[in-house]
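Biologist: Thanks for sitting down with me. Could we go through this one together, question by question?

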Amino acid sequence: MSNILVGVTGGIACYKAAYLVREFVRAGHNVKVMMTKNAEKFVGHTTFEALSLNKVLRDDDTPTPISHIDYALWADICIIAPATANIIGKINAGIADNELLSTVLALTCPLVLAPAMNTNMFHNIAVQENIKSLKSKGVNIIDTESGLLACQTTGEGKMAEPSQIAEKVIYILSNRKNNLQIENDLLNGINILITAGPTKEYIDPVRYITNKSSGKMGYALAEEAYKMGANITLISGEVNISSSLPDIKFVTSADDMYNLFLDNFNGADIIIMAAAVADYTPDYKHNNKIKKKDEVMELKLIKTKDILAYAGHNKTDNQVLVGFAAETDNMEEYAKDKLSKKNADIIAANDVSRKDIGFDSDNNEITLYFKNGDKRNTGKQSKSDIAKIILTESAILLNEKRNN
Ligand code: PMT
């Protein structure tokens, strides 16, 4: 059983912290609570003393003159729920102007924050920069949810449910105990190059050859990696996705993608190629619209450059390369063939004949084929959850390469 320190700061979600404390206590953990003055305006400290069976660390009534040090050293993990914009900013800046913040500065254990605030506050650039900066320092941030907020608006910024927060805290604790690195650590500061979406191969100014890729899989990878603190370069075909990712480089054709890929390849630690790149392109692009004349019209297509194969044959020992395989039949055979011919480290194969996954769906089911013969099936999940799995596996492989 572990010592869990729960920090409660001033927001309407304070009442949920009571459920969180109860959940930890019921699971047999030792729990201590610290509250800011503003938190006490929402829920009284006696509630938390009754639930945790321990004295609450408060600004006006500290158990000892150095309680912040005692509480920090006692904790195996510290979770602040709700974490307001104010507290997030102060923790990022290293400010210690109350007992809770002084304790946070003295922590030697993992710190987890469950933000909760109004949607506009949550999207404020300063708050987003503080969150990104905290992640890069190894602080675990639990994603907020979208929903009806106390201010009666609907949007992002709602604190995750106590059961989800508890699950994440226990997960971090158990990983730490097993001396494993947690998700956030794995990608901090890692440079990831991702390709996404379709390419368009123009025949004349108004006609082109393309495919059904929406870009959702590639964008999910980029968004999740960004949340995990990685530096992202996303090379994207033309898609209908609105994304707040900072550095998206748009391309049209397979040839454009190849050229931009070359410019960004060397600096990447992990390369993930989710784009559906045309294998063939018209050998000639007409400058004017082709007129309808004959009964039959023949189009000559030539092979595009194989970007994945280029990456596979030019990567260094410290780069991890993940290719995709979009198959309608014999998935395992074709995926393994791509793994070896393209010299990839992992092939993420999906069955694109299925309507419930693959192209344009919010879900996917991937089988990962590894160079050492291992394979892992993700089951059907959201593209975001699949992305987390692919990223985690890639990061583990990168760590192994770096340690060899
Ligand atoms: O975009 P979504 O709607 O979310 O759909 C997701 C997806 C189905 C597009 C995605 O999961 C996927 O499977 N992407 C790869 C699509 C594809 O082109 O697969 P492929 O088996 O034809 O190509 C194999 C690999 O080679 C891919 O990594 C591809 O990016 C790469 N390739 C292909 C051709 C080429 N000229 N250069 C390449 O690098």
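**Salt bridges, domains and a buried helix**

Modeller: Happily! Let me start with Glu393, which counts as buried because its relative accessibility is 15%. Please keep in mind that the model is predicted.

Biologist: Which side chain meets that of Glu393 in a salt bridge?

Modeller: Glu393 belongs to helix H15 (residues 383-403), and its partner sits in strand E19 (residues 375-382), 17 residues apart from it, so this pair links distant parts of the chain. The partner is partly exposed, with a relative accessible area of 34%. The N to O distance is 2.5 Å, and the partner of Glu393 is Arg376.

Biologist: Staying in helix H15, why are Lys388 and Asp385 separated by about one helical turn?

Modeller: In general, an α-helix has 3.6 residues a turn, so residues three or four places apart point the same way. Lys388 and Asp385 form a salt bridge, with their closest N and O atoms 3.4 Å apart. They are about one turn apart in H15 because their spacing in the helix is three residues.

Biologist: Are Lys388 and Asp385 buried, exposed or partly exposed?

Modeller: The cut-offs matter here: buried means under 20% relative accessible area and exposed means over 50%. Lys388 has 25% relative accessibility, and Asp385 has a relative accessible area of 31%. Both values therefore fall in the class in between, and Lys388 and Asp385 are partly exposed.

Biologist: Let's turn to the overall layout. Into which domains is the protein chain divided?

Modeller: The chain has 404 residues, of which 51% count as buried, and it contains 15 helices and 19 strands. Its C-alpha trace spans about 90 × 50 × 35 Å along the principal axes. Taken over C-alpha atoms, the two domain centres are separated by 39 Å. The division is into domain 1 (3-175) and domain 2 (187-403).

Biologist: What area is buried between domain 1 and domain 2?

Modeller: Five residues of domain 1 are in contact with four residues of domain 2. On the domain 1 side, Lys132, Lys135 and Asp143 lose the most area, together 84% of what that side buries. Carbon and sulfur atoms give 42% of the buried area, which is about 450 Å².

Biologist: How many salt bridges are there between domain 1 and domain 2, and which side chains meet?

Modeller: By class, the side of domain 1 that touches domain 2 has three charged residues, two polar ones and no nonpolar ones. Two residue pairs are in polar contact between the domains. The salt bridge count is one, and with an N to O distance of 3.8 Å, the side chains that meet are those of Lys227 and Asp143.

Biologist: Which other side chain meets that of Lys227 in a salt bridge?

Modeller: Lys227 is in helix H11 (residues 216-227), and this partner lies three residues apart from it in that helix, about one turn. Lys227 counts as partly exposed because its relative accessibility is 30%. The partner, at 5% relative accessibility, counts as buried. The N to O distance is 3.3 Å, and the residue is Glu224.

Biologist: Why is helix H5 largely enclosed by the rest of the structure?

Modeller: Ala85, Ile87, Ile88, Gly89, Lys90, Ile91 and Asn92 of H5 are buried. Their cover includes strand E3 (77-83), helix H6 (99-106), strand E4 (111-115), helix H7 (119-123) and helix H8 (125-136). H5 (residues 85-93) is largely enclosed because the buried residues number seven of its nine.

Biologist: Which residue just after H5 takes a positive phi?

Modeller: We are looking right after that enclosed helix, which has seven of its nine residues buried. The phi there is about 75°, and the residue is Gly94.

Biologist: One more spot: is Ser253 buried or exposed, and what is in contact with it?

Modeller: Ser253 is in the loop between strand E12 (248-250) and helix H12 (254-265). Its relative accessibility is 14%, so Ser253 counts as buried. Setting aside neighbours within four places in sequence, Ser253 is in contact with Thr199, Lys200 and Glu201.

Biologist: And which residues are linked in a network of salt bridges?

Modeller: Across the whole structure, a search finds 26 salt bridges. The network links Glu40, Lys55, Arg58 and Asp61.

How values were computed
Residues numbered from 1 in each chain as written. Predicted model: local features only at pLDDT ≥ 70, side-chain atom pairs only at ≥ 80, totals over all residues. Heavy atoms only, no water. Domains from an automatic or database assignment. Contact = heavy atoms within 4.5 Å. Buried area = accessible area lost by both parts, 1.4 Å probe. Salt bridge = Lys/Arg side-chain N within 4 Å of Asp/Glu carboxyl O. Polar contact = N/O pair within 3.5 Å; in protein donor to acceptor, adjacent residues only side chain to side chain. Nonpolar A, V, L, I, M, F, W, Y, C, P; charged D, E, K, R; others polar. Helix = DSSP H or I, 4+ residues; strand = E, 2+ residues; numbered from the N terminus. Buried < 20%, exposed > 50% of the residue type's maximum accessible area, 1.4 Å probe, protein only.
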